Amino acid sequence: MLDQLPAIIIAVPLIAAAVCAIIRNETICWLIALVVAFVSFVGSATMLGQVQQYGEDISYKLGGWAPPAGIEYKVDLLAGYVLVLVSLIATAVLIYGRQSVKVEIKKSMQGWYYTMYLLCMCGLLGIVITGDAFNAFVFMEISSLSMYTLIALGKDRRAVAAAYQYLILGTIGATMYVIGVGLLFTLTGTLNLADLAVRLGPMLDTPAAIAGMAFIIVGLSLKIALFPLHLWLPNAYAFAPSAVTAFLAATATKVSIYLLMRYLYTVFGFGFAIEQTPIPEVVMVLSLLAIFAGSFTAIFQENVKRMLAYSSVAQIGYITLGIALANATGLTGSLVHIFNHAVMKGALFMLVGGIAMQIGTVRLSDMAGAGKAMPLTMFGFVLGGFSMLGVPGTVGFVSKWYLAMGALENGWWWVVALLMLSSLLVLVYMGRVIEVAFFRERPADAVPLKEAPKSMIMTAWVFILACVYLGFDTSFTVGVAEQAVNVLLGGAQ
Amino acid sequence: MRGHLILRVVSKILIPFLLLFALYVQFHGDFGPGGGFQAGVIVAAAFVLYALIFGLRATQKIISPALLEVAVPLGVLIYAGVGVYTWLMGGNFLDYNMIDSHDPSHGQHLGVLLVEAGVLLTVSSTMLLIFYTFAGRGR
């Protein structure tokens, strides 16, 4: 049973998705999805525990075919860490989202929503667990196609346009990725990532390998929404149903970042991709641009969901900055921030989902006086904002600390200065929301407000409290991240 | 297309052969190029031809959109069901060797056959459903 776990966490969501598509009853589908997501979470956590305990990677031969010819599912510390993150968020958003889905999505579509949700989760987990370059593409398509559908389910008509925009750009990204994989396959004759790394070694400086690397990195950057390839993200996050936004913001881009790390550090290798190409410099400049452009644009957003979406562009910049720093501390910061950002942005989007449900819009001006009427929601928002800001005692501080230390190790003190400066921008845009919610009176003619349903508030608050808890007790995030960095850097040294 | 006698008669003759050819492609997948995906597209093409000549309503009387919406996930379930069966027999997911305990090659044969049947069902019904959706617009 235990040795089948890698296949279980992928196959069970897939089967459940098909079952949901046949049943299409909201209550039953929700229950199935919840149970399956929880099973995936327990499975992922068990595998991570096993890897930690025995210090040995889990390898699973799909269909009984041995790698490198067959498809291999591989769980090491890094994969286990991301698997736990994705399945945890998926479970939490299911608990959170039921009430919001009932309001925001047409009744006839609710069964399909859970089908697509499960498919999306299956795809995201698949990208992480597979050790096969082409299989990763297949899972990328599964997750992306279901994501487009999920976004298009938003009740605002612009959701369809946003989904279409994402469809076009996402497809370009996936196509570039598969072109790159094709080039590498022609060169080496293998698709297994570990095998690819070995065989590619002597051929890395051939034009074909470099072209393949460029295609893969640009394609993945589109999926990551790395500045300036982030144009699909703000609209997709702003117009998707609230639960979908919370799920996507916390998982989708993170999984692509994981894949990028794998390619940079394992397949192309530290010695080549980081030391002999200008990739770190390019990624660093783009990350800093993402941080500033994203935060700066966020300040001027009237739609709070859009504001948080631009803030996501900036936060992705922090994560890729850690990749560009290319030392153990910076990478740890990057990995920790993958988890931390998922927790805090997930929480913020959950709270905004509650606001959207009660007020009916997410316009900043409509939120005047919400602090008094929805104290739990808005107080959570303040704490989440502190975390985004990087106040000590919250998760945001932990990851920024590691990033800053990583930058100092490289002697890039000016990066540290820029990191500080960027926090001020966060203060401005989060401050705007807090100012409007707490210090403005609610207009007399506005509809009276009350708190969002308990299930939504409670899930969001669990995440908010996690922001604080993980800010003090970093043994899980930093502990696993530090070990996972050894996996990434260990292959190179 | 009421007036186009030749089109009506020719397509009526063609459709059984199209379906037969689809089955040929389907089963040829065991030995060479072919398989569920290609066969599924040919099956869907046969129905699309019927719809073009005899109208969407007549086609939907034969296969209703509601039936297709069940057929799409059903194909996936057939595929995944084979995997679940190999689990129950104590093997890895989709390890066809486990299907026949006496002769692994028989297991491989049967496994691919079933999986491809699932692919045929899903691909053909998805294709047809896409056609229905576009052709039904504006009604």
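In chain A of this predicted model, 79% of the contacts with a separation of 6 or more are between residues 24 or more positions apart. For chain B the corresponding share is 60%. The secondary structure of chain A comes to 20 helices and two strands, while chain B has five helices and zero strands, so its element string simply reads α-α-α-α-α from the N terminus on. Chain B has a radius of gyration of 18 Å, well over the 14 Å that the globule rule gives for 139 residues, so it is more spread out than a compact globule. Chain A tells another story: a compact globule of 493 residues would have a radius of gyration near 23 Å, and the 21 Å of chain A agrees with that.

Here are the box and burial figures for each chain.

| Chain | C-alpha extent along principal axes | Buried residues |
|---|---|---|
| Chain A | about 75 × 55 × 40 Å | 61% of 493 residues |
| Chain B | roughly 60 × 30 × 20 Å | 32% of 139 residues |

Now for the inside. The largest nonpolar core has 233 residues, and the ones that touch the most other members are A:Ala33, A:Leu118, A:Val128 and A:Ile151. Helix α10 of chain A (residues 242-267) supplies the largest share of this core, with 18 residues. In soluble globular proteins, nonpolar side chains tend to be buried together.

What does A:Ile151 contact once its neighbours within four places in sequence are left aside? The list runs to A:Ala159, A:Ala162, A:Ala163 and A:Tyr166, and then on to A:Ala236, A:Ala240 and A:Val244.

Another residue to click on is A:Glu141, which sits in helix α5 of chain A (residues 133-152). Is A:Glu141 buried or partly exposed? A:Glu141 has 16 other C-beta atoms within 10 Å, and being buried takes 20 or more while exposed means 12 or fewer, so A:Glu141 counts as partly exposed. If you want a distance to check, A:Glu141 and A:Gly123 are 7.6 Å apart, C-alpha to C-alpha, with their positions 18 residues apart in sequence.

Finally, the interface. On the chain B side, 14 residues are in contact with 13 residues of chain A. Sorted by type, the chain B residues that touch chain A are nine nonpolar, four polar and one charged.

Technical notes. Residues are numbered from 1 along each chain as its sequence is written. Chains are lettered from A and ligands numbered from 1 in the order in which they are written. This is a predicted model: local features need pLDDT of at least 70, side-chain atom pairs count only at pLDDT 80 or more; totals for chains, interfaces and linings use all residues. Two residues are in contact if their C-beta atoms, placed from the backbone, lie within 7 Å. Ala, Val, Leu, Ile, Met, Phe, Trp, Tyr, Cys and Pro count as nonpolar, Asp, Glu, Lys and Arg as charged, and the others, Gly among them, as polar. Helices (H or I, at least four residues) and strands (E, at least two) are DSSP runs, numbered from the N terminus. The radius of gyration is taken over C-alpha atoms; the globule rule is 2.2 Å times the number of residues to the power 0.38. A nonpolar core is a set of buried Ala, Val, Leu, Ile, Met, Phe, Trp, Tyr and Cys residues joined through C-beta atoms within 7 Å.
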